[in-house]
Protein chains: 2
Amino acid sequence: MITSQPECDKVTPLTDTDRTTPAFAPHDHSACEARALDEAADRLAEQGGRMTPVRRRTLEILLESHRAMGAYEVLDRLAAEGFGRQPPVAYRALEFLVEHGLAHRLQRLNAFAACLHPGHDHAPAFLICRACDKLAELPAAPVRAALADLAGETGFAVERVTIEAVGLCPACAENPAGAEA
Amino acid sequence: MITSQPECDKVTPLTDTDRTTPAFAPHDHSACEARALDEAADRLAEQGGRMTPVRRRTLEILLESHRAMGAYEVLDRLAAEGFGRQPPVAYRALEFLVEHGLAHRLQRLNAFAACLHPGHDHAPAFLICRACDKLAELPAAPVRAALADLAGETGFAVERVTIEAVGLCPACAENPAGAEA
DNA sequence: CCTAACCATGTTACATGATAACAAGTCAAC
DNA sequence: GTTGACTTGTTATCATGTAACATGGTTAGG
Ligand SMILES: [Zn+2]
Ligand SMILES: [Zn+2]
Ligand SMILES: [Zn+2]
Ligand SMILES: [Zn+2]
């Protein structure tokens, strides 16, 4: 089950729970954040991209919560910290992160989220909690395989797939009021 | 294979090809269009919605091509035909169609497309050709099942899923120039 | 028939999301 | 130290989506 979908096993050993529910389950988030930043730096070194101040700060902002953030929400944060206050500032940093596999774009929300497994290329499925806005990345290989089967019958050549589910995370399902931060 | 995913078999018998590749394969499109309109009317009768002039015209516009259209593109068409020229006119009609299962919203494109199988509730996967912009609806039951398995492990309760693939349709794969209309 | 309630349609104004085009600063290579 | 690639910033504009309100039609009761 694990071998079919390579996940981050180079920097820190992860339990099975870590792989699929890091956002919903309580966890040591500062470690979570630090690990993602480390892996991001590694990945950029391999790829040749430059981790500049705006880009790093943008990634840190995305990593603070397990939520997707709108570009303008990110921009406000950047502007407040002395970076530029015009939309392209945020869009360019976000675009860079997405292109280098350090963040994902969420189509359903017109928003962006830090990638939790930046160690390698991957195209996960997302679970978006409509109550607390948290986000989980799932290994989507089986889902993609099912889709590829169907598409193959029609002769359609799939290049990129978006798989995003909206629903309730375990915490919010139990406690329909405000879930814990 | 067919029984697990109910598809339109009440109005016109459909071949297997009709079910999955109506947009990419050459076909009698005016029949295709007429059938979808009929089924839409039936469905609305069951549900109690009113098929008013703007709504009908909006659906017809979406049905003309097997493409997704932006709300403002629809609005231009409506305005040119004497309907209102302000955004809410188009958005309201489109929202109505989506709510009643007569059209779909494409997240990747910020756009809308007529449903080709409005006979019943369904949540298909979409194949979007990046060359000719045509669109196909696939029965997504197997894909959804694969996703439900994964989500179930995390305790996440999936409510709605978006599955959209971008790629090349058979015609455009053969002929990278402009495919036939 | 008249009216109240509801819904559909239209408007204005605004909020949010995204990009084009250009100017200026940084930095390494030569 | 100058060239050239890249990064960051700006202004201006476009695209997408909604809130709030006014008007007009349909319909059920009186
Ligand atoms: Zn975390
Ligand atoms: Zn939640
Ligand atoms: Zn057709
Ligand atoms: Zn095509």
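## Exercises: a zinc site and two DNA strands

The donors of the zinc ion (ligand 3) are spaced H-x1-H-x2-C-x33-H along the chain. The model is predicted.

**Exercise 1.** Identify the protein donors of the zinc ion (ligand 3) and place two of them in a helix.

*Solution.*
1. Assign the spacing to residues. The donors are B:H27, B:H29, B:C32 and B:H66.
2. Name the atoms. B:H27 and B:H66 each use NE2, B:H29 uses ND1, and B:C32 uses SG. These donors lie 1.9 to 2.4 Å from the zinc ion.
3. Find the helix. Helix α2 (residues 29-47) of chain B holds both B:H29 and B:C32. The two are three residues apart, about one turn of the helix.
4. Check burial. B:H29 and B:C32 are both buried.

**Exercise 2.** Explain why the arrangement around the zinc ion (ligand 3) is tetrahedral.

*Solution.*
1. Take the angles. The four donor atoms subtend 97 to 118°.
2. Apply the cut-off. Four donors count as tetrahedral if all angles lie between 85 and 135 degrees.
3. Conclude. The angles of 97 to 118° fit, so the arrangement is tetrahedral.
4. Recall the ideal. Four tetrahedral donors would ideally give 109.5 degrees.

**Exercise 3.** Describe the protein surface near DNA strand D, then its contacts with phosphate.

*Solution.*
1. Count the surroundings. There are 17 residues around DNA strand D, and A:T52, A:Q86, A:R92, B:Y72 and B:Y91 come nearest.
2. Locate the elements. From chain A, α3 (53-64) and α5 (87-99) each give at least two residues, as does α5 (87-99) of chain B.
3. Sort by class. Eight residues are nonpolar, four polar and five charged.
4. Split the DNA atoms. Of the strand D atoms within 4 Å of the protein, 52% are sugar or phosphate, and the rest belong to bases.
5. List phosphate contacts. A side-chain N or O atom of A:T52 is 2.4 Å from a phosphate oxygen of strand D. For B:Y91 the distance is 2.9 Å. For A:R55 it is 3.3 Å.

**Exercise 4.** Work through DNA strand C in turn.

*Solution.*
1. Count the surroundings. DNA strand C has 17 residues around it, the closest being A:Y72, A:Y91, B:T52, B:Q86 and B:R92.
2. Locate the elements. α5 of chain A, with α3 (53-64) and α5 of chain B, each supply at least two residues.
3. Split the DNA atoms. Sugar or phosphate accounts for 54% of the strand C atoms within 4 Å of the protein.
4. List contacts. B:T52 puts a polar side-chain atom 2.6 Å from a phosphate oxygen. For B:Q86, a side-chain N or O atom is 3.4 Å from a phosphate oxygen. B:R55 reaches a sugar or linking oxygen at 3.3 Å.

Conventions:
Residues are numbered from 1 along each chain as its sequence is written. Chains are lettered from A and ligands numbered from 1 in the order in which they are written. This is a predicted model: local features need pLDDT of at least 70, side-chain atom pairs count only at pLDDT 80 or more; totals for chains, interfaces and linings use all residues. Side-chain values use heavy atoms; hydrogens and water are left out. A residue is near a molecule or strand if one of its heavy atoms lies within 4 Å of it. A polar contact is a pair of N or O atoms within 3.5 Å; within protein, one must be able to donate a hydrogen and the other to accept it, and residues adjacent in sequence count only if both atoms are side-chain atoms. Helices (H or I, at least four residues) and strands (E, at least two) are DSSP runs, numbered from the N terminus. Ala, Val, Leu, Ile, Met, Phe, Trp, Tyr, Cys and Pro count as nonpolar, Asp, Glu, Lys and Arg as charged, and the others, Gly among them, as polar. Donors are N, O and S atoms within 2.8 Å of the metal (3.2 Å for Na, K and Ca); water is not among the atoms, so sites may look incomplete. Four donors count as tetrahedral if all angles lie between 85 and 135 degrees; four count as square planar and six as octahedral if opposite donors are over 155 degrees apart and all others between 65 and 115; anything else is irregular. Buried means under 20% relative accessible area, exposed over 50%, partly exposed in between (1.4 Å probe, protein chains only).
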